[in-house]
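Me: I am new to this structure. Please show it to me, and then let me ask how its labels are earned.

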Amino acid sequence: MKRTDHNGTLRAGDAGRTVTLIGWVAKRRNFGSLVFIDLRDRSGICQIVFDETVSDAVKDVRSEYILQVTGEVRVRKDPNPKLPTGEIEVAAKEVNIINTAETSPITIADDSDTSEDIRLKYRYLDLRRKPLQDNLILRHRIQMIVRRVLDEEGFIEVSTPILARSTPEGARDYLVPSRIYNGRFWALPQSPQIYKQLLMISGMERYFQIARCFRDEDLRADRQPEFTQIDIEMSFVEEDDVFAVVEKLMRSIFREIRKTELPEFARLSWDECMKKYGTDKPDLRFGNTIHDLTDLFRNTEFQVFRSVIDAGGEIDAVHFAGIADQYSRKAIDKLQEFLKAGFRAKALAYLKLENGVLSGSIAKPLSEAEKAAVISHFDMHDNDIVFLIADTPQIARAALGALRIRVAHEQDLIDRSQDRFLWVTDFPMFEYSEEENRWVAAHHPFTAPKEEDVDKLFTDPEHCSSRAYDLVLNGYELLSGSIRIHDQDLQEKVFEAIGLTMEQAKQKFGFFLEAFRYGTPPHGGVGIGLERLTMVLAGTENIRDVVAFPTTNSSLDLMTESPNYVDDAQLEVLGIEVSEDNKKQA
């Protein structure tokens, strides 16, 4: 089973060499006395030529058979510029059929036309496709860069437990029943949060881990129930210290992977970000920010705007240059339906500048002075369009933020040749849970509040800011992190602010609170989503493309047909009984 070379590495300079290759048959072409086979391994494809002396040996060979071929490398008369090995071929002298294969249920090609569900069912075959193999190799390269850079920065890699205590202050846990202690449960970690803070208390000072994490939550295209986090924690730091380490790491990754130097990382507070972009993960590769025109219409006689302003709402707008002719009334109606359905916006207004005249859905009720003010505010030119929404600040900003992204994609306004990072800082400390009828931690309950906002923990939780931060890359949230609470009294106050009595806090986090009594250093860190980072670098928008064995959007593993049912004997050992209602549903 030995080979001298990998298939995709041979070049014209190898001509005249005798080589032995191993791989899968990607394609077979029969020309009478000559048979051509494209032999594929992880490195690529090499064309093998079988003349009449050896062609009988491969007369029954089909796609995905595994062959071992020995032959001489020679320069091709008809080079194939689409292949890195296209200048050469191997003239076979000996061939050994290592294994046969049935007809593949999926198309194994770079651009497979097989449905995703079928490809996920036969993922081990799908992974033979070069794009997916390249993505996994890319992921490997990123991990190796991470380990090298963080080692240079004095970090120690530490593995933390996978079986841990359930801490239900956040997403839902995946629970694991204990056989030895019936009625008790482990939980799979949503992150190594508590353990890495305990490592800071232990004096490790700089820790990292490429950690497996689990969250039982609804899925999206950029999420999986099981994911990998580049987990980092540092002692004796402020925000800028954490940012510096992360920025060095990202610059190293992009320098080695993309061969590019990253521009300066932008920074915006959460409040500024929401006002300008309507989202806390904006794509900065294009402009078209949200403008608050409320003051411009403060004295308007247009009743729709007047009623919104009097009720404390806003008139927000986004301007696009040179695309007004792309948006007919029908196209704008589609935008309005999109915003009504997903963002509760009541109406989408618009103004177009055509031949120096402002027209559109609200042109008539506006005064000439108001129209002139809009033109001046945006420095509008012919074929420009402005979209406006009058509503509460939350609805207007979120809707226009979504519209900004949609129009940018429709009109190809995004400069995909660049990568833009943004630090979003000063996130809200709390968010109100209608389900639980209380304020809950927006990040997690170990996040420190801004020092100037500590007094708002009980008096004004809605406007209490935290020392939490996100790093956004091209519209994707790449990491979340924060400066942690290191003072026991402050930690107890935060628990109280989210409705946990000290008794409840000790029941959930007693071991953690006890550790605070023994000298806790100031510390902070981040968790970087490895799949999202790889997804962006791979140029795909589907996170399943960078995961070896992913689940579907409905959290099913089609290949192993899991989650699956277990028999009553297994459940009995664990002290678990499935209700009759759930059995009927099954």
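What follows is a set of short questions, each answered by setting a value against its cut-off.

Reply: One point before we start: this is a predicted model.

Me: Understood. Why is the contact of R17 and D14 called a salt bridge?

Reply: The cut-off is a side-chain nitrogen of Lys or Arg within 4 Å of a carboxyl oxygen of Asp or Glu. The side chains of R17 and D14 meet at 3.0 Å, N to O. That value is within 4 Å, so the pair counts as a salt bridge.

Me: Are those two residues buried or exposed, and how do you know?

Reply: Buried means under 20% relative accessible area, and partly exposed runs from there up to 50%. D14 has 16%, so D14 is buried. R17 has 30%, so R17 is partly exposed.

Me: What makes D134 and K130 a salt bridge?

Reply: Their closest N and O atoms are 2.7 Å apart. The limit is 4 Å, so the pair qualifies. D134 and K130 are four residues apart in helix 3 (residues 130–152), which means about one helical turn separates them. D134 is partly exposed at 32% relative accessibility. K130 is also partly exposed, at 39%.

Me: How do you know that D419 and R258 form a salt bridge, and what does the pair tie together?

Reply: The N to O distance is 2.5 Å. That is within 4 Å, so the name applies. D419 lies in the loop between helix 10 (393–410) and strand 17 (421–425). R258 lies in the loop between helix 5 (239–257) and strand 11 (266–269). The pair therefore ties together parts that are 161 residues apart in sequence. D419 has a relative accessible area of 9%, so D419 is buried. R258 has 29%, so R258 is partly exposed.

Me: Which residues form a network, and what makes it one?

Reply: R119, R123, D126 and R129 do. Salt bridges that share partners join them. A search of the whole structure finds 44 salt bridges.

Me: On to rings. How many aromatic pairs are there?

Reply: The search of the whole structure finds 18. One of them is F297 with F305, with centres 5.0 Å apart and planes at 75 degrees.

Me: Why is the pair of F297 and F305 called edge-to-face?

Reply: Ring centres must lie within 6.5 Å, and planes over 60 degrees apart count as edge-to-face. The pair has 5.0 Å and 75 degrees, so both conditions are met. F297 is buried, with a relative accessible area of 0%. F305 is buried too, at 3%.

Me: What makes F338 and F343 an edge-to-face pair?

Reply: Their centres are 5.7 Å apart and their planes are at 65 degrees. The distance is within 6.5 Å and the angle is over 60, so the label holds. F338 is partly exposed at 28% relative accessibility. F343 is partly exposed at 27%. Elsewhere, ring pairs link F446, F495, F509, F512 and F516 into a cluster.

Me: How do you know that R406 lies over the face of F338?

Reply: The charge must be within 6 Å of the ring centre and within 35 degrees of the ring normal. R406 is at 4.6 Å from the ring centre of F338 and lies over its face. R404 lies over the face of F286 in the same sense, at 3.8 Å.

Me: Why do strand 1 and strand 4 count as paired?

Reply: Pairing takes at least two bridges. Strand 1 (residues 18–31) and strand 4 (residues 66–75) have seven, so they pair, in the antiparallel sense. I22 stands opposite Q68 in strand 4. Strand 4 is also joined to strand 5 (residues 88–99) by 10 bridges, again antiparallel. There, R74 stands opposite E89.

Me: What makes strand 18 and strand 19 a pair?

Reply: Four bridges join strand 18 (residues 430–433) to strand 19 (residues 438–441), so the minimum of two is met. The strands run antiparallel. S433 has R438 as its bridge partner. Four residues lie between the strands of this hairpin, and N437 takes a positive phi near 60 degrees.

Me: Last one. Which residues form a nonpolar patch on the surface?

Reply: L175, F185 and I576 do, with about 270 Å² of accessible area together. L175 is found in strand 7 (residues 174–177).

Methods. Residues are numbered from 1 along each chain as its sequence is written. This is a predicted model: local features need pLDDT of at least 70, side-chain atom pairs count only at pLDDT 80 or more; totals for chains, interfaces and linings use all residues. Side-chain values use heavy atoms; hydrogens and water are left out. Patches are made of residues with over 30% relative accessible area and no salt bridge: like charges are joined within 9 Å, nonpolar side chains (Val, Leu, Ile, Met, Phe, Trp, Tyr) within 5 Å. Accessible areas come from the Shrake-Rupley method with a 1.4 Å probe; for residues, only the protein chains shown count as cover. Buried means under 20% relative accessible area, exposed over 50%, partly exposed in between (1.4 Å probe, protein chains only). Rings of Phe, Tyr and Trp (its six-membered ring) pair if their centres lie within 6.5 Å; planes under 30 degrees apart count as stacked, over 60 as edge-to-face and the rest as tilted.
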